[in-house]
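Colleague: Before I use this model, I should like to hear the grounds for the terms applied to it. Please set each value against its definition.

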Amino acid sequence: MAILEASEIIKQYKSHDSVVTAVNRASLRAEDGEFVAIMGASGSGKSTFLHICAGLDVPNSGTVTIRGQCITSMNADEKARFRGIYTGIVFQKHNLIPQLTVLENIMIPTVMGDRPASAFEEHLKKLVHILGLEDRLNHLPSEISGGQQQRCAIARALINRPQVLFCDEPTGNLDRANADEVLELLLKTKETIGQTIIMVTHDVQIAARADRVFVMENGILISKNKTSLS
């Protein structure tokens with residue numbers, strides 16, 4: 001069952017007197033519980049495409065449907081509410097609020113909903129256990145390592161139990177050991193919680209673990225055989 005369908009996405013920007021096509025008729029269908037990796041050189045359009053799929057950017061044409069609902073036809077408020085319930089996103093930079101503790105950062109998305117904090121208690125316990133943050137909840141971001149900060153960002157993205165998790169170079173600022181650790185944690189949460197993962201990455205080792213791999217070249221999305229990754 002397809003949980004996400006992006007169809008014929010075009011995104012263009014005006015640059016002085018010319019028009020730059022960042023995404024050129026890109027289409028993607030992701031199944032429920034699937035891990036899809038999107039690779040490509042810097043400036044190829046892969047992050048722009050991801051942000052459109054996640055509802056953070058608007059295409060010039062084309063549609064994105066998540067759970068059977070067309071998010072490209074929603075207004076800003078409808079889209080924000082939909083994202084808060086059904087999707088999560090992890091960026092390369094963790095973007096934690098420095099004045100808040102790890103626990104407070106994780107719980108930020110819950111204030112956007114109508115449910116009390118107590119409704120998230122069991123899920124929070126499961127998340128912090130999987131991500132190894134039990135003894136860091138009362139620390140400030142400056143008091144934990146870079147890898148732990150990214151784990152906090154992952155927990156924040158997952159606290160609302162999103163059905164689709166979008167990841168934009170989530171290990172880009174980490175060394176090899178921490179990158180491998182974050183990937184294992186993401187895959188563990190995927191198996192435990194069951195969400196679909198759409199990940200932009202430049203890391204071949206990470207892409208090799210995906211169910212399917214695509215490459216973005218000059219805004220065009222191309223399916224790639226995993227055996228040809230190099």
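Modeller: In strand β4, isoleucine 66 is the bridge partner of leucine 4. The model is a predicted one, in which local features need pLDDT of at least 70 and side-chain atom pairs count only at pLDDT 80 or more, while totals for chains, interfaces and linings use all residues. Residues are numbered from 1 along each chain as its sequence is written, and side-chain values use heavy atoms, with hydrogens and water left out.

Colleague: What makes β1 and β4 a pair of strands?

Modeller: Two strands pair if DSSP finds at least two bridges between them; strands are DSSP runs of E with at least two residues, and helices are runs of H or I with at least four, numbered from the N terminus. Five bridges join β1 (residues 2-15) to β4 (residues 61-66), so the criterion is met. The two run antiparallel, and isoleucine 10 stands opposite serine 61 in β4. Helix α1 (residues 46-53) packs on the sheet and touches β1, β2 and β4, where contact means heavy atoms within 4.5 Å. The direction of α1 makes about 125° with that of β1; axes are lines fitted to C-alpha atoms, for helices over the stretch in contact, and angles run from 0 to 180 degrees between N-to-C directions.

Colleague: How do you know that β1 and β2 pair?

Modeller: They are joined by 11 bridges, so they satisfy the requirement, and they run antiparallel. Alanine 6 stands opposite leucine 28 in β2. The two strands form a hairpin with two residues between them, and histidine 16 in the turn has a positive phi of about 55°.

Colleague: What makes β2 and β5 edge strands?

Modeller: The open sheet has four strands in the order β2-β1-β4-β5, with antiparallel pairing. Each of β2 (18-31) and β5 (69-70) pairs on one side only.

Colleague: Why is aspartate 203 called buried?

Modeller: Its relative accessible area is 9%, and buried means under 20%, exposed over 50%, and partly exposed in between (1.4 Å probe, protein chains only). Aspartate 203 is therefore buried. Arginine 176, at 33%, falls in between, so it is partly exposed.

Colleague: How do you know that arginine 176 and aspartate 203 form a salt bridge?

Modeller: A salt bridge is a side-chain nitrogen of Lys or Arg within 4 Å of a carboxyl oxygen of Asp or Glu. The N to O distance here is 2.8 Å, so the pair qualifies. Arginine 176 lies in helix α6 (residues 176-193) and aspartate 203 in the loop between β8 (196-200) and α7 (204-207), so the pair ties together parts that are 27 residues apart in sequence.

Colleague: Why is aspartate 168 said to have no salt bridge?

Modeller: The nearest side chain of opposite charge, lysine 46, is 6.9 Å away, so the 4 Å limit is not met. Lys and Arg count as positive and Asp and Glu as negative, with His and the chain ends not counted. Aspartate 168 is buried and lies in strand β7 (residues 164-168).

Colleague: What makes its link to serine 47 a polar contact?

Modeller: The side chains of aspartate 168 and serine 47 are joined at 2.8 Å. A polar contact is a pair of N or O atoms within 3.5 Å; within protein, one must be able to donate a hydrogen and the other to accept it, and residues adjacent in sequence count only if both atoms are side-chain atoms. The distance therefore lies within the limit.
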